[in-house]
Amino acid sequence: MRLTEPILTKRIPSFPFGDASARRTVSFDEYVRTGGYKALERALDMQPAEVVELVKDACVRGRGGAGFPAGLKWTFLPAVDGKGLRYLCINCDEAEPGTFKDRLLVDFDPHLVLEGIAITCWACQLDVAYFFIRGEYHHQAAVMQRAIEEARAAGIFGSSGMMRGKVKFTAECHLHRSAGAYICGEETGLLEAIEGKRGWPRVKPPFPAVKGLFGRPTIVNNVETLAAIVPIIERGTAWWKSIGTAAPFPGGMPSWGTKLMGVSGHVVRPGCFEAPLGIKLSDLVNDYCGGMRGGKRFKGAIAGGVSMGILGTDQFDAEMDFDIGRRYDVLGLGTACPTVFDEDTDMVAVARNIARFFKNESCGQCTPCREGSGWIYKVLCRVERGDATTADLDLLLELAASMGLGPGTTICGLADGNNWAVRTIITKFRTDFEKRVKPRFIPIHVSAR
Ligand SMILES: Cc1cc2nc3c(=O)[nH]c(=O)nc-3n(C[C@H](O)[C@H](O)[C@H](O)COP(=O)(O)O)c2cc1C
Ligand code: SF4
């Protein structure tokens, strides 16, 4: 089930199966020559509220991890009050392990992202956009900075009115490089970081749309979410809805459109691909990645970033749509960047490695996360060494549950991600763990008479 026509990646030379060395950044001139910034012109011919309605109708679910519909989020903004600036923050932190898809767009087609940003600024009447980029993305930061300058020189951003004065409305775009912590990808940690503070997530509500950057109304969206707005304006919602899947449950939400899916792990050809939402994981692995490496059998896969938990051996055919969580006992689709494991994988080592990540990245504000993440890691190390008992497996499940299952246990979703990762690996691969622990003996005293 390959995509017949690339959409977000259509301008990227030789992508995805051609000669990778021929891949280069699409220049501003080339972008414009091939129809770029036409969607912005079209959006500027519409009223901002009409653009919001169109994006709402397209049900563009957030590509940063939570799958929340972008258009609906935009409607939470209060009306323009003239009391200060309104902001757009573009989340290019991309620190979720296994995730590499936003950087593809920045690397090769930064103007697609900038066009999506400009359309969003117009639709939501946002004055300043901050492009928040992962600290380690040195090359991508330079590419995006250059593209922002080109867009400003072309009158897309800047004080002359958007699109060389086509409308009076003006927007500015700035690049902000993260100091480098996973937690700065959480939307309110990101706001704190841009404000120059420690990237500690905020208690919500209020949500950023109401009180965000510098206390002003703010929209936070992922890079890929904003890029997807461009083809929707160009080709309409009916076309967009012809790709992807309808809601799998009555009253549920659809997963329309394509998705960038970065596949890593034990496959023949790891890489980032654009695929229709709803593609089976097995089709993604076989049709795009050339199958399992060395002809080995599939054992499991992290669904889309380690926070989402794991798909079991019998879930290779899971449909990669935003409702994967409700059908396959994972948290969700996340970033749709699966890490695939073959039959030889040591799941205890996988769990221990993931737990180490969460322990290191917990910001420490909430006790269940700060203490629980370190405790889980220690117990998993014990299991890996062969020093644990079966009771420790139950302890791990209890610790994980205390970190995430109850709503409001912690300030942000990092702890819940830790819970889902550890709990699903242990429950779906329990025999791997049981082989490594000692049974807990209960001494029986027999009296000799
Ligand atoms: C611990 C944590 C890390 C996150 N990291 C990212 C990230 O790197 N990039 C991203 O787009 N969203 C990340 N998110 C999700 C954001 O909080 C937010 O939901 C997202 O940027 C909204 O954009 P979207 O609706 O377009 O997906 C993270 C969330 C959590 C809890
Ligand atoms: S859940 Fe963890 S990472 Fe998130 S705010 Fe609390 S301590 Fe920090």
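This dialogue walks through a sheet, a helix and a ligand shell in a predicted model.

Visitor: In what order do the strands of the open sheet run, and how are they paired?

Guide: A sheet is read strand by strand, from one side to the other. Here five strands form an open sheet in the order β8-β7-β11-β9-β10, with mixed pairing. Because β8 (271–276) and β10 (310–311) each have a single partner strand, they stand at the edges, and one side of each is left without a neighbour in the sheet.

Visitor: In which sense do β9 and β10 pair?

Guide: Strand β9, which covers residues 298–302, pairs with β10 in the antiparallel sense over two bridges, and alanine 301 has leucine 311 in β10 as its bridge partner.

Visitor: What span should helix α17 have, and how far apart are its end C-alpha atoms?

Guide: A helix can be checked by setting its expected span against the distance between its ends. At 1.5 Å a residue, the 15 residues of α17 (residues 414–428) should span 21 Å, and this agrees with its end C-alpha atoms, which are 21 Å apart. The helix is also mostly covered, since 14 of its 15 residues are buried.

Visitor: Which residues come nearest to ligand 1, and what kinds of residue make up the shell?

Guide: Of the 23 residues around ligand 1, those that come nearest are Gly62, Gly64, Gly185, Thr225 and Gly413. The shell divides into eight nonpolar, nine polar and six charged residues, and strand β4 (residues 218–222) gives the largest share, three residues.

Visitor: Where does ligand 1 lie with respect to the domains?

Guide: Domain 1 (20–242) and domain 3 (347–434) both give residues to the shell, so ligand 1 lies between them.

Technical notes. Residues numbered from 1 in each chain as written. Chains lettered and ligands numbered in written order. Predicted model: local features only at pLDDT ≥ 70, side-chain atom pairs only at ≥ 80, totals over all residues. Pairing = 2+ DSSP bridges. Helix = DSSP H or I, 4+ residues; strand = E, 2+ residues; numbered from the N terminus. Expected span 1.5 Å × (residues − 1). Buried ≥ 20, exposed ≤ 12 C-beta atoms within 10 Å, placed from the backbone. Near = placed C-beta within 6 Å. Nonpolar A, V, L, I, M, F, W, Y, C, P; charged D, E, K, R; others polar. Domains from an automatic or database assignment.
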